[in-house]
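Visitor: Please take me closely through one part of this model, the strand pairings, and show how they relate to the rest of the chain. Kindly state the cut-offs behind each term as you use it.

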Amino acid sequence: PEPAAAQDKRVAIEARNIVKQFGEGPSALRALDNVSIAIRENEFFTLLGPSGCGKTTLLRLIAGFEYPTEGAILLDGADIAGLPPFKRPINTVFQSYALFPHLTVSENIAFGLQMLGRPKGEIAGRVAEMLKLVHMDEMAHRRTDQISGGQAQRVALARALAPAPKVLLLDEPLSALDYKLRKEMQIELKRLQHETGITFVFVTHDQEEALTMSDRIAVMSKGKVRQVGSPWDIYDKPAERFVADFIGETNFLTAAVTGLSNGVAHVTLKSGAQIVATVAEGFQPKAEATIVVRPEHARAVPQGGQLSGTVENVVYFGTDTHIHVRLAEDGLFTVRQQNSRAQSCGFAVGDRVGIEIAADAAQVLRD
Ligand code: ATP
């Protein structure tokens, strides 16, 4: 859960009832359909969703490269519709880095400051500071067509951070890097955000990246924000099927809702077992609902449990084992169990097993 202090933080950027339509008439496309989000100061905020959901469009609206069809972008509470991109205290790091290849690392970092007409002495000092921040001091005089992808990424970050923007927009900045470098840069970005105190708005379609880096995440699909919350909220308390499905692995079960009070539901599974589940925000009472249970919140047992079935597959992953169970009731259910050094999971294909769902592990979805 979010600490109370975080909830008191001031809002840096707000998108209010944003609609963005491309084109006119029957071929018109609604890239953003009534999107409202409030991004707080000093927050690492991530827009997460599949390709085409509108992440980049929202980023471009904040930067000022596009204008909303309806709604407003507010910075520190004021509508910035009248501010062209270069007058907004907002910078963008693009996936392609967009460095000037014929300039050195230092010259690239200095570029924005020169455009702003800052004094020479100040620029030199700031460039030195940025070089240190991104650990590129030793490469200061290297041309940027002679550095690696990871180094180019650092230079692009330094260049964007140099004028000390209030907000830094990052559009899939790590997607061109190989896996190991990407993992390194994730930690590096988090450090940079923490050290500079600048609000980061980060775009990715990679759920793992979003979970590991963000203070809060907005999950988007088809031009709408489906849920906003901490990584913990999004993973553990998904509100909708789309969110639960997009983030990590999960099991869906149909259940009859027999009682509802104070955010808690009493539900009856198809097996007849009765369990208590938390209820997603915005849930409208109905007789039958979908509940989700993460695989690591259930375990296979030789007897008992709320569900029963037959082991269809056992997959060993080193740290844990995934057991796929064909339920007697219906469908396939995955259980993920920590491995111990002493013994294997103890189940084999064809075994009849029960599934025990941990207390508080089930969540009722709103749709
Ligand atoms: P990706 O991860 O693939 O970049 P995204 O979530 O960033 O996807 P957007 O680039 O915001 O998605 O695109 C949202 C929708 O708007 C897509 O259907 C896209 O084709 C459309 N779109 C974006 N820009 C334009 C434009 N200038 N003209 C017409 N349609 C556009």
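Guide: Strand β12 (residues 264-269) pairs with β11 in the antiparallel sense over six bridges. Here two strands count as paired if DSSP finds at least two bridges between them, and strands are DSSP runs of E with at least two residues, helices being runs of H or I with at least four, numbered from the N terminus. The model is a predicted one: local features need pLDDT of at least 70, side-chain atom pairs count only at pLDDT 80 or more, and totals for chains, interfaces and linings use all residues. Residues are numbered from 1 along each chain as its sequence is written.

Within the pairing of β11 and β12, Val-257 stands opposite Val-267 of β12. The two strands form a hairpin with two residues between them, and Asn-262 takes a positive phi near 50° there. On leaving β12, the chain enters a further hairpin, with β13, in which four residues separate the strands and Gly-272 in the turn has a positive phi of about 95°. β13 (residues 274-279) is joined to β12 by five antiparallel bridges, and one of these positions has Ala-265 with Ala-277 in β13 as its bridge partner.

β11 (residues 251-261) also has a pairing with β14 (residues 288-293), again antiparallel, through six bridges. Ala-256 has Glu-288 of β14 as its bridge partner. β14 in turn is joined to β20 (residues 363-364) by two antiparallel bridges, with Ile-291 opposite Val-364 of β20.

A second set of strands forms an open sheet of five, in the order β15-β19-β16-β17-β18, with antiparallel pairing. Its edges are β15 (298-301) and β18 (332-338), each of which pairs on one side only. The twist averages 45° from one strand to the next, the angles being taken between N-to-C directions of lines fitted to C-alpha atoms, on a scale from 0 to 180 degrees, with helix axes fitted over the stretch in contact. Contact means that C-beta atoms, placed from the backbone, lie within 7 Å. At the β15 edge, four antiparallel bridges lead to β19 (residues 352-357), where Glu-356 is the bridge partner of Arg-299.

These strands can be set against the domain assignment, an automatic or database one, which gives domain 1 as 4-236 and domain 2 as 249-364. The C-alpha centres of the two domains lie 39 Å apart. An unreviewed UniProt entry annotates residues 13-247 as "domain: ABC transporter"; such annotations use the numbering given here, with feature names shortened, and may be inferred rather than shown by experiment. That span is 36% helix and 26% strand, and its end C-alpha atoms lie 25 Å apart.

Towards the N terminus, an open sheet of four strands has the order β2-β1-β4-β5, with antiparallel pairing. β2 (29-40) and β5 (78-79) each have a single partner strand, so one side of each is left without a neighbour in the sheet. Nine antiparallel bridges join β1 (residues 11-22) to β2, and Leu-29 in β2 is the bridge partner of Phe-22. Helix α2 (residues 55-63) lies across β1, β2 and β4 (70-75), at about 120° to β1.

The residues Phe-22 and Leu-29 are also among those surrounding the ligand, together with others including Ala-31, Lys-55 and His-205; a residue is counted there if its C-beta atom, placed from the backbone, lies within 6 Å of the molecule. β2 and α2 each supply at least two residues of this shell, and α2 gives the most, with three. The shell divides into four nonpolar, seven polar and one charged residue, where Ala, Val, Leu, Ile, Met, Phe, Trp, Tyr, Cys and Pro count as nonpolar, Asp, Glu, Lys and Arg as charged, and the others, Gly among them, as polar.

Note on methods:
Contact = placed C-beta atoms within 7 Å.
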